[in-house]
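This briefing concerns the structure shown below. It is arranged by topic, beginning with individual residues and ending with the chain as a whole.

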Amino acid sequence: MPRRKPFKHHKREIWLQLCERLDADFFEGKRRRHDRIEAFHGEWMITLDTFLANDVTWTRMRAPYVNRDDFVFRIFKENVMHRIGKAFGMKDVEVGYPDFDKQYVIQGSDERKLRMMFANPDIRDLISFQYSMYLALRRDAPLFQKKFPKGVNEVYYQSIGTIANLERLHDLFELFAATLDHLCAIGTAYEDDPEFRYY
């Protein structure tokens, strides 16, 4: 029986396949840096990599953009604890699609913009394809990370573990592309190059 390849090598093969599909660049991790992929959608660079937090590996995707307003949000899958939290007043905005509203907790700075954001059926579908979901617009970089220039915000996704499923990763890039395009459509982002890189 053939020996199975180490997961690290399997993940790298999948990520290289993704690069071919997206016409993206792959950068092999060295020292403390992990493997990463950088792919352009219009003027925006979307970066996929992993990071360690408390000895746990996370996969993340990030894309900086030039913001036109201060709209921020986060969406994540609802669980029992969230349902208890909502019973005690935790904020959760309903965007008008009952099945979608039932599955996710949606929070943001502008309820009208939230409804505009998730009125896009492609975005709702691409979110539903991910069994793990934490997607956010955020204006501030976390502590110990490179700070965003003034006027630059970020689309951010994270999931516990290392994602090594080609279709899931491709869907994530499609989600980011659709999100960035729609942010421009609803007047939250410019199509300009933010002139910010993570590496």
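In this predicted model, Gln 158 is placed in strand 8, which spans residues 152-160. Its C-alpha atom lies 6.7 Å from that of Trp 58, although the two residues are 100 positions apart in sequence. The points below take up Gln 158 again, then two buried residues, Phe 71 and Arg 36, and after them the cores, the largest pocket and the overall make-up of the chain.

**Gln 158**

- The side chain of Gln 158 is joined to that of Tyr 156 by a polar contact of 2.7 Å.
- Beyond its neighbours within four places in sequence, Gln 158 is in contact with Phe 51, Trp 58, Thr 59, Arg 60 and Tyr 134.

**Phe 71**

- Phe 71 belongs to the loop between strand 4 and strand 5, the latter covering residues 73-77.
- Phe 71 has a relative accessible area of 2% and therefore counts as buried, since the cut-off for that class is under 20%.
- When residues up to four places away in sequence are set aside, Phe 71 touches Tyr 65, Ser 109, Asp 110, Lys 113, Leu 114, Leu 137, Asn 153 and Thr 188.
- One of these partners, Asn 153, is 82 residues from Phe 71 along the chain, with a C-alpha separation of 9.5 Å.

**Arg 36**

- Arg 36 is part of strand 2, which comprises residues 36-41.
- With a relative accessible area of 12%, Arg 36 is a charged residue that is nonetheless buried.
- A polar contact of 3.0 Å links the side chain of Arg 36 to the side chain of Glu 38.
- Not counting residues up to four places away in sequence, Arg 36 touches the aromatic residues Trp 15, Phe 26, Phe 27 and Tyr 199, together with Asp 25, Thr 47, Leu 48 and Asp 49.

**Nonpolar cores**

- The largest nonpolar core consists of 45 residues, and those with the most contacts inside it are Phe 73, Ile 75, Phe 118, Ile 127 and Leu 135.
- Helix 6 (residues 166-185) provides the largest share of this core, namely ten residues.
- A second, separate core has five residues, among them Ala 141, Val 152, Phe 196 and Tyr 198.
- Phe 73 is in contact with Gln 107, Gly 108, Leu 114, Met 117, Phe 118, Leu 135, Ala 136 and Leu 137, leaving aside its neighbours within four places in sequence.

**Largest pocket**

- The volume of the largest pocket is about 360 Å³.
- Its lining is made up of 17 residues, and Arg 60, Arg 62, Gln 145, Tyr 198 and Tyr 199 lie nearest the centre.
- Seven of the lining residues are nonpolar, seven are charged and three are polar.
- Strand 3 (44-53) and strand 4 (56-66) each contribute at least two residues to the lining, and strand 3 gives the largest share, with four.
- Two of the residues nearest the pocket centre, Tyr 198 and Tyr 199, also appear above: Tyr 198 is included in the second core, and Tyr 199 is touched by Arg 36.

**Chain as a whole**

- The protein chain contains six helices and eight strands.
- Read from the N terminus, its elements follow the order α-β-β-β-β-β-α-α-β-α-α-β-β-α.
- The chain has 199 residues, of which 47% count as buried.
- Among contacts with a separation of 6 or more, 63% are between residues 24 or more positions apart.

Notes: Residues are numbered from 1 along each chain as its sequence is written. This is a predicted model: local features need pLDDT of at least 70, side-chain atom pairs count only at pLDDT 80 or more; totals for chains, interfaces and linings use all residues. Side-chain values use heavy atoms; hydrogens and water are left out. On a 1 Å grid over the protein atoms alone, a cavity is a set of points where a 1.4 Å probe fits but cannot get out, and a pocket is an open set with protein on both sides within 12 Å along at least five of seven lines; lining residues have an atom within 4 Å of a point. Grid points are joined across faces, edges and corners, and a volume is the space filled by probe spheres set on the points. Buried means under 20% relative accessible area, exposed over 50%, partly exposed in between (1.4 Å probe, protein chains only). A polar contact is a pair of N or O atoms within 3.5 Å; within protein, one must be able to donate a hydrogen and the other to accept it, and residues adjacent in sequence count only if both atoms are side-chain atoms. Contact means heavy atoms within 4.5 Å. A nonpolar core is a set of buried Ala, Val, Leu, Ile, Met, Phe, Trp, Tyr and Cys residues joined through side-chain atoms within 4.5 Å.
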